[in-house]
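Thanks for coming. I have one model to show today, and I will keep it brief.

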Amino acid sequence: AFIVGEQYRVMVLQGGEAEAFGSLLRSYLPWAQVRMRILSPDGQVLHDTSERDPTIGRDISDRPEVRRALGGHYGARARLTEDREFMYYYVALPVREGDALVAVSYVSRNTGPIMQAILAMAANQRAATWLALGASVVVASVLALTITRRLRRVSRAARRVARGGSPAGLDAG
């Protein structure tokens, strides 16, 4: 939000072209994965990266984080979607020229990519658990066979001795 606000201040407010700033803002979208907006000092949306629901011209000054930024302070808020599937994070920062508030940089992001990463990690953890379980069964089986083979030899030798014979073959393994 800070970088976007500073670029707006430098590119647009210091004699640049608003359209060039809008193109630059949209170019951030693929790698930043956040919705970025620039608001006027009265809370009107001037630039918006959303393609589905652009809010250009809409007054969003009633939002608590925006109200705080319009008052010159950092504003933030988190909100769950109605289906409780995602959490949205909102950050609003005042953009100043000297002491004057000239705009608000407003950024929002949902937890969708974070949830996808968590689900992928959970799937990898399940696969690793099954792999470890399979490996431990194989190791336990091999150990059980080698130990029981020796115990069977001792047991056979003990039976021979009990019958009065010699414990032949006991040292073989």
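I will go through the sheet, then the helix that packs on it, then the salt bridges.

Please keep in mind that this is a predicted model.

Start with the sheet. It is open, it has five strands, and their order is E2-E1-E5-E4-E3, with antiparallel pairing. Which strands stand at the edges? Those are E2, residues 45–48, and E3, residues 75–80. Each has a single partner strand, so one side of each is left without a neighbour in the sheet. On average, and ignoring direction, neighbouring strands are turned by 20° against each other.

Now E1, residues 35–39. Five bridges join E1 to E5, residues 100–110, and the two run antiparallel. In that pairing, Arg35 stands opposite Ser108. E1 is also joined to E2, by three bridges and again antiparallel. There, Arg37 stands opposite Asp48. The hairpin of E1 and E2 has five residues between the strands, and in this hairpin Gly43 takes a positive phi near 95°.

Next, the helix. H1, residues 2–13, packs on the sheet and touches E1, E2, E4 and E5. The direction of H1 makes about 40° with that of E4, which covers residues 87–97.

That brings me to the salt bridges. How many are there? The count comes to four, and I will describe three of them.

Two involve Arg9. Arg9 pairs with Glu6, with the closest N and O atoms 2.7 Å apart. Both residues lie in H1, three residues apart, about one turn of the helix. Arg9 also meets Glu97 in a salt bridge, at 3.5 Å from N to O. Glu97 lies in E4 and Arg9 in H1, so this pair ties together parts that are 88 residues apart in sequence.

Is Arg9 buried or exposed? At a relative accessible area of 16%, Arg9 is buried. Glu6 is partly exposed at 25%, and Glu97 is partly exposed at 33%.

The third salt bridge is between Glu65 and Arg77, with the closest N and O atoms 2.8 Å apart. Glu65 is in helix H3, residues 64–70, and Arg77 is in strand E3, twelve residues apart, so to speak of distant parts of the chain is fair here. Glu65 is buried, with a relative accessible area of 1%, while Arg77 counts as partly exposed at 26%.

One last point: through shared partners, salt bridges join Glu6, Arg9 and Glu97 into one network.

Methods
Residues are numbered from 1 along each chain as its sequence is written. This is a predicted model: local features need pLDDT of at least 70, side-chain atom pairs count only at pLDDT 80 or more; totals for chains, interfaces and linings use all residues. Side-chain values use heavy atoms; hydrogens and water are left out. Two strands pair if DSSP finds at least two bridges between them. Helices (H or I, at least four residues) and strands (E, at least two) are DSSP runs, numbered from the N terminus. Axes are lines fitted to C-alpha atoms, for helices over the stretch in contact, and angles run from 0 to 180 degrees between N-to-C directions. Contact means heavy atoms within 4.5 Å. A salt bridge is a side-chain nitrogen of Lys or Arg within 4 Å of a carboxyl oxygen of Asp or Glu. Buried means under 20% relative accessible area, exposed over 50%, partly exposed in between (1.4 Å probe, protein chains only).
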